[in-house]
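Trainee: Please put the model on screen. I have a list of questions about it.

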Amino acid sequence: MSVYELILKRRTIRRFKQDPVPEELLVRMVDAGRLAPSGGNLQPLEFVVVNDPELLPQVFAATRWAAYLGPEGTPAEGERPTAYIVVLINRNIRPDGGYHDAGAAMENMILVALEGGVGSCWIASLDRNALYRVLGIPQHCEIDSVLALGVPAETAVAEPMRDSIRYYRDEQGVHHVPKRPLASIAHHNRYGQKLVD
Ligand SMILES: Cc1cc2nc3c(=O)[nH]c(=O)nc-3n(C[C@H](O)[C@H](O)[C@H](O)COP(=O)(O)O)c2cc1C
């Protein structure tokens, strides 16, 4: 599958089968994150891969899921992530910023996971204090966000946005993600001139 095809296919996944994420894939993902573009090539990012069965519930407890879906958006027992990658910004290397670097690394990791059959949910809504404690993260590292991972146990589809950006689940449990149409956000040469119809 081409990169473009993977990008079209990619959707956030919030329900997972309980098969483990292969450790080689986790390593490959972090390598893809490491090689992402970095402002000034400072490379302030560090990564904590979590798949220890004792730690998984503690990391899960620090994550907040699918605000638009209410309690049903949070994965139930038996459908929770089987691994996480925590993205850190080392403040000894870069005293502020670095968020673009983290975003670029995240997307690289998400696409490599998908190529390996693993779905993901990027989570920035976190109890960071709990993560510092549970994972022993030093204070000079800012916790940017967490990538929750597992083999997908749900179907999620993009659809053209009509009147709301709120994602929703239908009666079959399919997750729908409204996306603004290309014509409404793309300009050609001068703002307001159409790139596509
Ligand atoms: C910076 C960022 C933070 C996010 N934080 C959360 C989060 O805390 N919890 C969650 O369930 N989803 C989170 N998401 C996932 C978004 O809800 C999701 O990307 C959005 O609904 C679009 O769906 P899609 O990824 O399938 O295109 C986050 C995504 C991004 C980019």
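Trainee: Start with the hairpin of β8 and β9. Which residue in its turn has a positive phi?
Mentor: β8 and β9 form a hairpin with 1 residue between them. Strands are DSSP E runs of at least two residues, helices H or I runs of at least four, both numbered from the N terminus. Phi in the turn is about 65 degrees, and the residue is not a glycine. It is N189.

Trainee: Which pLDDT do local features need, and from what number are residues counted?
Mentor: This is a predicted model: local features need pLDDT of at least 70, side-chain atom pairs count only at pLDDT 80 or more, and totals for chains, interfaces and linings use all residues. Along each chain, as its sequence is written, residues are numbered from 1.

Trainee: Is N189 buried or exposed?
Mentor: N189 lies in the loop between β8 (187-188) and β9 (190-194). Count other C-beta atoms, placed from the backbone, within 10 Å: 20 or more is buried, 12 or fewer is exposed, and in between is partly exposed. Because N189 has 7 of them, it is exposed.

Trainee: How many of the 5 residues of β9 are buried?
Mentor: β9 runs antiparallel to β8, joined to it by 2 bridges. H187 has K194 in β9 as its bridge partner. β9 is hardly covered, and its count of buried residues is 0.

Trainee: What is the phi of N41?
Mentor: N41 sits in the loop between α2 (23-34) and β1 (45-50). N41 counts as exposed because it has 7 C-beta neighbours inside 10 Å. It is not glycine, yet its phi is positive, near 50 degrees.

Trainee: How far apart in space are G97 and T12?
Mentor: G97 is in the loop between β2 (83-90) and α4 (99-115). It is partly exposed, because 13 other C-beta atoms lie within 10 Å. In sequence, G97 and T12 are 85 residues apart. In space, C-alpha to C-alpha, the figure is 25 Å.

Trainee: Now the ligand. Which strand gives the most to the shell around it?
Mentor: The ligand has 13 residues around it, counted as near if the C-beta atom, placed from the backbone, lies within 6 Å. R11, T12, I123, A124 and S125 come nearest. By class the shell has 9 nonpolar, 2 polar and 2 charged residues (nonpolar: Ala, Val, Leu, Ile, Met, Phe, Trp, Tyr, Cys, Pro; charged: Asp, Glu, Lys, Arg; polar: the others, Gly among them). With 3 residues, the strand that gives the most is β3 (residues 119-123).

Trainee: At what angle do α2 and α4 pack?
Mentor: L25, R28, M29, A32 and G33 in α2 meet A105, N108, M109, V112 and A113 in α4 (contact: C-beta atoms, placed from the backbone, within 7 Å). By class this contact has 7 nonpolar, 2 polar and 1 charged residues. Axes are lines fitted to C-alpha atoms, for helices over the stretch in contact, with angles from 0 to 180 degrees between N-to-C directions. The axes are 8 Å apart, and the angle is about 145 degrees.

Trainee: Which strands are the edges of the open sheet of 4 strands?
Mentor: The order is β1-β2-β4-β3, with antiparallel pairing. Two strands pair if DSSP finds at least two bridges between them. Each edge strand pairs on one side only, and the edges are β1 and β3.

Trainee: Which helix packs on that sheet?
Mentor: First, β3 and strand β4 (residues 141-150) run antiparallel, joined by 5 bridges. W122 stands opposite L147 in β4. The helix touches β1, β2, β3 and β4, and makes about 15 degrees with the direction of β4. It is α4.

Trainee: The other open sheet has 3 strands. Why is one side of β5 and of β6 left without a neighbour in the sheet?
Mentor: The order is β5-β7-β6, and the pairing is mixed. β5 (156-160) and β6 (168-169) stand at the edges, so one side of each has no neighbour in the sheet. The reason is that each has a single partner strand.

Trainee: Which residue in β7 is the bridge partner of E159?
Mentor: β5 and β7 pair in the parallel sense over 5 bridges. On β6, R169 stands opposite H175 in β7. β5 has 0 buried among its 5 residues, so it lies largely in the open. The partner of E159 is P178.

Key:
Two residues are in contact if their C-beta atoms, placed from the backbone, lie within 7 Å.
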